[in-house]
Amino acid sequence: MTAADATGVTPPAGVPVGRRVHVRVPATSANLGPGFDTLGLALNVHDELEVEATESGVRVDVTGVGAGEVPTDETNLVARALLHVFDRVGVVPPGIAITATNSIPHGRGMGSSGAAIVEGVLAAKGLLEGVVDVSDEDVLRYATELEGHPDNVAPAIFGGLTIAWVDETGPRHKQLAVHRGVSLLVAVPEATMSTTLARSLQPTEVPHADAVFNLSRSALLVAALTQSPELLLDATEDRLHQIYRASAMPETSALVAALRAAGHAAVVSGAGPSVLVLASDPAARLEAARIVEDRPEAWHARLLAVDIRGGTVEPVPSTAAA
Ligand SMILES: Nc1ncnc2c1ncn2[C@@H]1O[C@H](COP(=O)(O)OP(=O)(O)OP(=O)(O)O)[C@@H](O)[C@H]1O
Ligand SMILES: N[C@@H](CCO)C(=O)O
């Protein structure tokens, strides 16, 4: 039983020490050309982690991407997201031990920060099972509060293609299945690009004609990705973000231009510097991969698929003797 505090309000019971959850979250590619801060696609590259409620403190062990680079205390982005949820639901957090095995490249435009945030939020949801209900809509809300825009976190949570928007109630989403003819290529460079830097290059106002241009292309893109892949080249044109960021990533800009000149629907993936190609058939994807490999710069051409499952959290049975 939980005792009432001095105000007479009964605080929620805490999370039992020893409870463990397993979390798996996909990489994402946001914007998809014209859908700035709106469209996103989940990719079949995943971070996985185990999170345990402990007596005290926050400890993070990282294997794979980010090992030796990201913080291993409560300032780690996954830990921050987890603690944010406890704060929002008004439950005192237990100690936390996070063991992460990461595969999503950082700062490349494959949604690593959005994935890390969703990892922390889903871990909190799993640890809070039976204590406080955290719905899928809450997961989207808490993740967007930290990421600042919903276009990466929505596909990381729900999988597939997502349209995300924000109204007076908070972030919302619609998930869609991608046409089976669409195949994906992501060209990943050595260089990184911080999303914060990329966003600082955006103007606060754009010409009305450019806004109309992007409205038409983003509406068309939803049709192209779900029904009519032959329209992908026209549907991935953009005037709202890529031109403003091009000077910060000239090699990305040159690769997008070369691929598009050869008829491939290439766009900057997220805030860059990776390039996403939405190919309308597997042969076109291989031709695009050859263009990527022929560039003078070092690009890693990754043939990927759409993740349709989205982020998951599962309880890990206790190994302690009953
Ligand atoms: N698994 C993780 N654990 C801890 N910190 C992470 C993790 N993944 C990403 N980060 C943090 O997020 C930063 C990258 O975020 P940033 O938004 O700049 O790029 P991105 O999310 O990879 O790309 P984009 O938003 O364009 O898709 C990393 O440098 C690191 O500080
Ligand atoms: N919509 C975001 C995606 C990257 O986080 C941007 O382009 O800034």
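Here are some numbered notes on this predicted model, from its two domains down to a few single residues.

1. Start with the overall layout. The domain assignment splits the protein chain into domain 1, residues 20-173, and domain 2, residues 183-304. Measure from centre to centre over the C-alpha atoms and you get 25 Å between the two. They do touch: 24 residues of domain 1 are in contact with 28 residues of domain 2.

2. What does domain 1 bring to that meeting? On its side, strand 1, strand 2 and strand 5 (161-167) supply at least two residues each. Strand 2 gives the largest share, with 4 residues. By class, this side of domain 1 has 11 nonpolar residues, 12 polar ones and 1 charged one.

3. Now for ligand 1, which has 23 residues around it. Ser112, Ser113, Thr195, Gly270 and Ala271 come nearest. Helix 1 (77-89) and helix 2 (112-127) are the elements that give two or more residues to this shell, and the largest share, 4 residues, is from helix 2. Polar residues number 14 here, alongside 7 nonpolar and 2 charged. Both domains take part: domain 1 and domain 2 each provide at least three residues of the shell around ligand 1.

4. Ligand 2 has 13 residues around it, and the nearest are Ala30, Asp37, Thr195, Gly270 and Ala271. Helix 5, residues 195-200, contributes the largest share of this shell, 3 residues. The class count for ligand 2 is 4 nonpolar, 6 polar and 3 charged. Here too, domain 1 and domain 2 each give at least three residues. Keep Thr195, Gly270 and Ala271 in mind when you look at the two ligands: these residues are among the nearest to ligand 1, and they are also among the nearest to ligand 2.

5. Next, have a look at the open sheet of 4 strands. Its order is 8-9-7-10 and its pairing is antiparallel. Strand 8 and strand 10 (299-304) are the edges, each pairing on one side only. From one strand to the next, the twist averages 25°. Helix 9, residues 250-261, lies across strand 7, strand 8 and strand 9, and it runs at about 160° to strand 8.

6. How is strand 9 held between its neighbours in the sheet order 8-9-7-10? With strand 7 (residues 183-189), strand 9 makes an antiparallel pair over 5 bridges. Ser183 sits opposite Ala279 of strand 9, while Ala187 has Val275 as its bridge partner. With strand 8, strand 9 again pairs in the antiparallel sense, this time over 3 bridges. Val275 turns up here as well, as the bridge partner of Val268.

7. Is strand 9 mostly covered or mostly open? Mostly covered: 5 of its 5 residues are buried. In a regular strand, side chains alternate between the two faces of the sheet. In strand 9, Val275, Val277 and Ala279 are on one side, Leu276 and Leu278 are on the other, and both faces are covered.

8. The link from strand 8 to strand 9 deserves a close look. The two strands form a hairpin with 6 residues between them, and Gly270 in the turn has a positive phi of about 55°. That is the Gly270 listed among the nearest residues to ligand 1. Pro273 also belongs to the loop between strand 8 (266-268) and strand 9 (275-279). The peptide bond leading into Pro273 from Gly272 is cis, with omega near 5°.

9. Finally, check two backbone oddities in the loop between strand 1 (20-30) and strand 2 (39-54), where Leu32 is placed. Leu32 is not a glycine, yet its phi is positive, about 55°. Asp37 is in the loop between strand 1 and strand 2 too. Asp37 has a positive phi near 60°, again in a residue other than glycine.

10. Are Leu32 and Asp37 buried or exposed? Leu32 has 30 other C-beta atoms within 10 Å, so it counts as buried, the cut-off being 20 or more. Asp37 has 18, so it is partly exposed. Asp37 is also one of the residues nearest to ligand 2.

Note on methods: Residues numbered from 1 in each chain as written. Chains lettered and ligands numbered in written order. Predicted model: local features only at pLDDT ≥ 70, side-chain atom pairs only at ≥ 80, totals over all residues. Near = placed C-beta within 6 Å. Nonpolar A, V, L, I, M, F, W, Y, C, P; charged D, E, K, R; others polar. Domains from an automatic or database assignment. Buried ≥ 20, exposed ≤ 12 C-beta atoms within 10 Å, placed from the backbone. Pairing = 2+ DSSP bridges. Axes fitted to C-alpha atoms, helices over the stretch in contact; angles between N-to-C directions. Contact = placed C-beta atoms within 7 Å.
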